[in-house]
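Here is a quick walk through one chain, from its annotated domain to a few backbone oddities. Have the structure open as you read.

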Amino acid sequence: MALSGAHKNRGELRIHESLDELRTDLADYVAELSEASVKERGVFAIALSGGSLIGLMGKLCEAPYNKTVDWAKWYIFWADERVVAKSHADSNYKLAKDGLLSKVPIVPSHVHSINDSVSAEEAADDYEFAIRQLVKTRVVSVSEISDCPKFDLILLGLGPDGHVASLFPNHPALNEREEWITFITDSPKPPPERITFTLPVINSASNVAVVVTGESKAESVHLAIDDIGADCPLIPARMVQPAMGKLVWFLDKLAASKLEDSNLNK
Ligand SMILES: O=C1O[C@H](COP(=O)(O)O)[C@@H](O)[C@H](O)[C@H]1O
């Protein structure tokens, strides 16, 4: 790891010299959380995002992880999904299926993807209902301080505009406090129709990791993490603040290039 650091409110920073190093650290991190969760609860409830994240998780399909991780105990969810057919190139499910899930022995019935044959609103309702059933059976545990599900791990990417999951800057979905899953039909990034975990669900997780690479995201990383005063734009990534859980940022050098030195152990 090139640098590490910690911001008092905004989590642990892991900054990597190369993408290869980041991929290995991310695979180690996910494998360790999986092992701890299976030991404690018998299952590992993990929520994925789309975008560049899945490619960065690729090492999990390789030795030693493909053999050592207890894949049969994994339950897979999506922190956000585009409301398109599962075979569509824009589908976050398809991305994860092709890049990860088809390469490791996941139990097919443990893969909880959205209903893609209904409207975005119905897909969000259906997904929340499905998660509520899994909370009842303790596949997903429940937060001690809210009525929200407590995922063992939520993995997020970051858009150059500061969006996480499908929570976009200045969008009303950011204010949703009642629903676990909400929907949007006007995403500024195509495709327009999406469902997304709400901030209360993200912030109820036991662990949240935000995985960010590339210079185009450096400004958003700075705005999400650094202390930049009251008049700074409140981008969605800055609102990711797990109440009881642990937040870790996996960054490459380019994504970290605008971070203030005071956050880094140099
Ligand atoms: O639209 C989305 O974008 C973000 C970021 O994607 P990236 O390719 O820039 O890493 C992603 O995390 C989210 O799941 C996806 O729906």
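## The domain at a glance

Over residues 19–249, the chain comes out at 29% helix and 17% strand, and the C-alpha atoms at the two ends sit 14 Å apart. That stretch matches a UniProt record: an unreviewed entry lists residues 19–249 as "domain: Glucosamine/galactosamine-6-phosphate isomerase". Keep in mind that this is a predicted model.

## Around the ligand

Thirteen residues surround the ligand, and the ones that come nearest are S49, G50, G51, S52 and G157. Sorted by class, the shell has eight polar residues, three nonpolar ones and two charged ones.

## Strand β10 and its partners

β10 (194–197) is a good strand to click on. On one side it pairs up with β9, antiparallel, over four bridges, and here R194 of β10 has I184 opposite. β10 also runs antiparallel to β5 (residues 80–82), with three bridges joining the two. In that pairing, D80 is bridged to T196 of β10.

Which way do the β10 residues point? R194 and T196 go one way, I195 and F197 go the other, and all of them are buried. That fits the usual pattern: in a regular strand, side chains alternate between the two faces of the sheet.

## Two cis peptide bonds

Where do the cis bonds turn up? One links A63 to P64, with omega near 5°. P64 belongs to the loop between α2 (53–56) and α3 (65–68).

The other joins P190 and P191, at an omega of about -5°. P191 lies in the loop between β9 (181–184) and β10, so this bond brings us back to the strands discussed above. Most peptide bonds, by contrast, are trans.

## Two residues with positive phi

Most residues other than glycine have a negative phi. R138 goes against that, with a phi near 70°. R138 sits in the loop between α5 (120–136) and β6 (141–142).

N170 is the other case, with phi near 65°, and its place is the loop between β8 (153–156) and β9.

Are these two residues buried or exposed? R138 is exposed, because 12 other C-beta atoms lie within 10 Å and the cut-off for exposed is 12 or fewer. N170 is exposed too, with 11 other C-beta atoms within 10 Å.

Definitions and conventions: Residues numbered from 1 in each chain as written. Predicted model: local features only at pLDDT ≥ 70, side-chain atom pairs only at ≥ 80, totals over all residues. Near = placed C-beta within 6 Å. Nonpolar A, V, L, I, M, F, W, Y, C, P; charged D, E, K, R; others polar. Buried ≥ 20, exposed ≤ 12 C-beta atoms within 10 Å, placed from the backbone. UniProt positions renumbered as here; feature names shortened; annotations may be inferred. Pairing = 2+ DSSP bridges.
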